[in-house]
Amino acid sequence: MYLAFLLPLVFAFFAFIKKKVTIPGIIAAYLMGVIITFIGGIYAFVALAGTFVLTILSDKLKKSKSDETRTLWQIICNVFVATLTLVFFRIYKNDCYLALYYAVIASSLADTLASSIGSLSKKKPINIKTFKRASTGESGAISLLGIGASLAGGLFIGGVSFLYFKSFYILLVIAFLGLFGSLVDSFLGATIQGKFKCVVCKKDTEEKVHCGKCAKLIYGLNFVDNNIVNLLNNIFVFMLGYIILI
């Protein structure tokens, strides 16, 4: 039981030292990490820790070298649904909810790897909605390299789940849902995520404030940013996984 409190603390301390997450974000991540490890066991923690480590490593591969510090809201949008699935697992004593936890984690990792590794593609990505060439790193843009990275991320988390379930079917479902989540994330990014134009430098951006001024909404929904897209992606993966597994 003590490992449920100790193991997440190691990663929380690392995030604090490296300033990868804000203090409120670290506290929330630690608490959810404790819940995940206490309910889901060591393999659930391994999946979460593997996602954390691979996210940090893959950030170094991005062509955009901005070292982002993640906030409380980002932590909630990326980890809350996964944590909630384990609460359901605790309440209903149904292993399918544990499998859904791995599926949601797989979708988060798959999306992260698609973005980071996909940015290394020598060919310009295409917009998932229009199928036209898009800029590297643009929300809604996909590439074969990114899709391959998504599948690899899903297979990695599926492989971790195999240590518990001993089921190739569950492994493949989790890998599929990871890839599905990554594509859903791209589709939502291309359709409902807010896109803006800076009124100062005239640059297209996903930021509401640019060059110190409020940017003009071009399309999408003003309140939908990448964090909301990640949250919706996790919810959709949970829903589809529920239909498949339960």
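**Aromatic pairs, polar contacts and a nonpolar patch**

Phe165 counts as buried, its relative accessibility being 19%, a value that falls under the 20% limit set for burial. The structure described here is a predicted model, and Phe165 is a convenient point of entry to its aromatic contacts. In that model Tyr102 and Phe165 form an aromatic pair with an edge-to-face arrangement, in which the ring centres are 6.2 Å apart and the planes meet at 80°. Because Tyr102 belongs to helix α5 whereas Phe165 belongs to helix α6 (residues 144-165), this pair ties together parts of the chain that are 63 residues apart in sequence. Tyr102 is likewise buried, since its relative accessible area is 0%.

A search of the whole structure yields 14 aromatic pairs. One of them joins Tyr97 and Tyr242 in a tilted arrangement, with 6.4 Å from centre to centre and 50° between the planes. This pair links distant parts of the chain, given that Tyr97 is located in helix α5 and Tyr242 in helix α8 (residues 226-245), at a separation of 145 residues. The two partners can be described separately with respect to accessibility: Tyr97 counts as buried because its relative accessibility is 10%, while Tyr242 is partly exposed on account of a relative accessible area of 36%. Both residues also belong to a cluster in which ring pairs link Phe88, Tyr92, Tyr97, Phe238 and Tyr242.

Phe180, located in helix α7 (residues 168-191), is partly exposed, as its relative accessible area is 26%. Its C-alpha atom is separated by 9.2 Å from that of Phe236, although the two residues are 56 positions apart along the chain. A further arrangement that involves an aromatic ring is found at Tyr219, where Lys129 lies over the face of the ring at 5.5 Å from the ring centre.

Helix α5, which spans residues 95-118, also contains Ser116. Ser116 counts as buried because its relative accessibility is 0%, and its side chain makes a polar contact with the side chain of Ser58 at 3.3 Å.

Turning to charged side chains, those of opposite charge can pair when their charged atoms come close. The structure holds 1 salt bridge, in which the side chains of Asp204 and Lys197 meet at 2.9 Å, taken from N to O. Lys197 counts as partly exposed, since its relative accessibility is 32%, a value that lies between the limits of 20% and 50% that bound this class.

At the surface, Phe13, Phe16, Ile17, Ile23, Ile27 and Leu31 together make a nonpolar patch of about 620 Å². Helices α1 (2-18) and α2 (23-40) each supply at least two of the residues in this patch. Among its members, Phe13 lies in helix α1 and is classed as exposed because its relative accessible area is 55%.

Conventions:
Residues are numbered from 1 along each chain as its sequence is written. This is a predicted model: local features need pLDDT of at least 70, side-chain atom pairs count only at pLDDT 80 or more; totals for chains, interfaces and linings use all residues. Side-chain values use heavy atoms; hydrogens and water are left out. Helices (H or I, at least four residues) and strands (E, at least two) are DSSP runs, numbered from the N terminus. Buried means under 20% relative accessible area, exposed over 50%, partly exposed in between (1.4 Å probe, protein chains only). A polar contact is a pair of N or O atoms within 3.5 Å; within protein, one must be able to donate a hydrogen and the other to accept it, and residues adjacent in sequence count only if both atoms are side-chain atoms. Patches are made of residues with over 30% relative accessible area and no salt bridge: like charges are joined within 9 Å, nonpolar side chains (Val, Leu, Ile, Met, Phe, Trp, Tyr) within 5 Å. Accessible areas come from the Shrake-Rupley method with a 1.4 Å probe; for residues, only the protein chains shown count as cover. A salt bridge is a side-chain nitrogen of Lys or Arg within 4 Å of a carboxyl oxygen of Asp or Glu. Rings of Phe, Tyr and Trp (its six-membered ring) pair if their centres lie within 6.5 Å; planes under 30 degrees apart count as stacked, over 60 as edge-to-face and the rest as tilted. A charge sits over a ring if NZ of Lys or CZ of Arg is within 6 Å of the ring centre and within 35 degrees of the ring normal.
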